[in-house]
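Let's walk through this structure together, starting from one helix and working outward. Keep the model open beside the text as you read.

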Amino acid sequence: MPELDAATTALLTVECQNGVVGEESALPELAKEARASGMLERVAALVDAAHGAGVQVLHAVAERRPDGLAANANARLFRAAGKLPVRQLSGTRAVEVAAPIEVAENDLVVRRLHGLSPIAGTDVDALLRNLGIRTLVVAGVSSNIAIPNTVFDAVNLGYRVVVPSDAIAGVPAAYTAEVIRNCLALVATVTTAEALLAQWAPAH
């Protein structure tokens with residue numbers, strides 16, 4: 001993997017929130033995979049290393065108003081989400097970034113009330129451009145929906161995208177490898193968390 005310029009690179013964590021990957025997740029199968037695979041620990045390590053290396057970190061959080069106002073209802077996924085016992089309601093613990101990921105003072109937390117992507121219709125693109133970002137490292141969940149949406153949107157907007165293959169997760173577990181091989185690898189640079197950590201390690 002080519003060297004990444006810290007000044008023009010950002011790390012985006014996708015839906016790494018308590019209500020998705022936490023212990024009280026609305027999606028327990030996904031949360032179990034995110035934790036059992038080590039994905040969540042690797043995302044936390046990447047965030048920590050990015051902080052140390054001066055790489056801007058953004059956390060994309062999906063939430064909805066308690067009254068559901070302006071939320072999507074045009075797909076089965078959205079309708080099902082509104083009936084789950086754990087809902088991603090604004091201002092609740094469910095929409096806080098999940099441990100062990102640490103949110104630093106300079107991190108940007110971008111919240112959305114609609115859609116499937118952290119980029120389409122949100123502030124993410126404008127924020128990245130204001131920061132002079134050209135390369136976006138994407139980590140989090142899920143490889144089923146939000147991660148591919150994020151990668152495609154970023155590529156379409158002209159960003160170079162890097163995906164650490166062991167820092168994303170979906171269900172079933174085998175699906176993630178297929179999405180990477182047959183989809184994401186065609187449009188993004190696929191690497192590992194270890195390779196990124198080596199780049200972002202403090203110089204001695």
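Before we begin, one term: helices here are DSSP runs of H or I with at least four residues, numbered from the N terminus. Bear in mind too that this is a predicted model.

With that settled, look just past the end of H2, where Gly-38 takes a positive phi of about 85°. Now step back into the helix itself, which spans 28-36. Which residues of H2 are buried? They are Leu-30, Ala-31 and Ala-34. Looking down the axis of H2, you'll find these buried residues within an arc of 100°, so they line one face of the helix. That fits a general pattern: with 3.6 residues a turn in an α-helix, residues three or four places apart point the same way. The other side of H2 has the exposed residues Pro-28, Glu-29, Lys-32 and Ala-36. As for partners, the buried residues of H2 pack against H1, H3, S4 and S6.

H8 can be read in a similar spirit. Its buried residues are Ala-193, Leu-196, Gln-199 and Trp-200. Around the axis they cover an arc of only 125°, which puts them on the same side of H8. Turn to the face pointing away from that buried side and you meet Glu-194 and Ala-198, both exposed. The packing partners for the buried residues of H8 are S1, H3, S4, S5 (160-164) and S7 (189-191).

Next, the interior. The largest nonpolar core has 31 residues, and the ones touching the most other members are Leu-11, Val-43, Ile-101 and Trp-200. H1, H2, H3, S2, S4 and H8 each supply at least two residues of this core. Which element gives the largest share? That is H3, with eight residues. Another core, of 24 residues, lies apart from this one, and its members include Ala-10, Val-110, Val-161 and Val-179.

Leu-11 deserves a closer look. Setting aside neighbours within four places in sequence, Leu-11 is in contact with Leu-46, Val-47, Ala-50, Val-55, Gln-56, Val-57, Leu-58, Val-137, Ala-139 and Trp-200. Trp-200 is also one of the buried residues of H8.

Now for some backbone oddities. As a rule, most residues other than glycine have a negative phi, and most peptide bonds are trans. Glu-15 is not a glycine, yet has a positive phi of about 55°. You'll find Glu-15 in the loop between S1 (9-14) and H1. Is Glu-15 buried or exposed? Since the cut-off for buried is under 20% relative accessible area, Glu-15 counts as buried at 13%. Ala-70, also not a glycine, has a positive phi of about 70°, and sits in the loop between S2 and H4 (76-81). At 63% relative accessibility, Ala-70 counts as exposed.

There are cis peptide bonds to inspect as well. One runs from Val-141 to Ser-142, with omega near -10°, and Ser-142 belongs to the loop between S4 and H6 (146-156). Another joins Val-171 and Pro-172, where omega is about -10°. Pro-172 lies in the loop between S6 (168-169) and H7 (173-182).

The loop between H4 and S3 (108-112) is a good next stop, and Glu-96 is part of it. Glu-96 counts as partly exposed, at 41% relative accessibility. Which residues does Glu-96 touch, not counting those up to four places away in sequence? Cys-16, Gln-17 and Asn-18. Between the C-alpha atoms of Glu-96 and Ala-31, 65 residues apart along the chain, the separation is 15 Å.

Val-103 is placed in the loop between H4 and S3 too, and is partly exposed with a relative accessible area of 41%. Leaving out neighbours within four places in sequence, Val-103 is in contact with His-59, Val-97 and Val-109. Val-161 is 58 residues from Val-103 in sequence and 22 Å away in space, C-alpha to C-alpha.

Let's finish with open space. The second largest pocket has a volume of about 180 Å³. Of the 11 residues lining this pocket, Asn-18, Gly-22, Glu-23, Glu-24 and Arg-93 are the closest to its centre. By class, the lining has four nonpolar, three polar and four charged residues. Asn-18 links back to the loop we just left, being one of the residues that Glu-96 touches.

Notes. Residues numbered from 1 in each chain as written. Predicted model: local features only at pLDDT ≥ 70, side-chain atom pairs only at ≥ 80, totals over all residues. Heavy atoms only, no water. 1 Å grid on protein atoms, 1.4 Å probe; cavity = no way out; pocket = protein on both sides within 12 Å on 5 of 7 lines; lining within 4 Å. Points joined across faces, edges and corners; volume = space filled by probe spheres on them. Nonpolar A, V, L, I, M, F, W, Y, C, P; charged D, E, K, R; others polar. Core = buried A, V, L, I, M, F, W, Y, C linked by side-chain atoms within 4.5 Å. Buried < 20%, exposed > 50% of the residue type's maximum accessible area, 1.4 Å probe, protein only. Contact = heavy atoms within 4.5 Å. Arc of directions from axis to C-beta.
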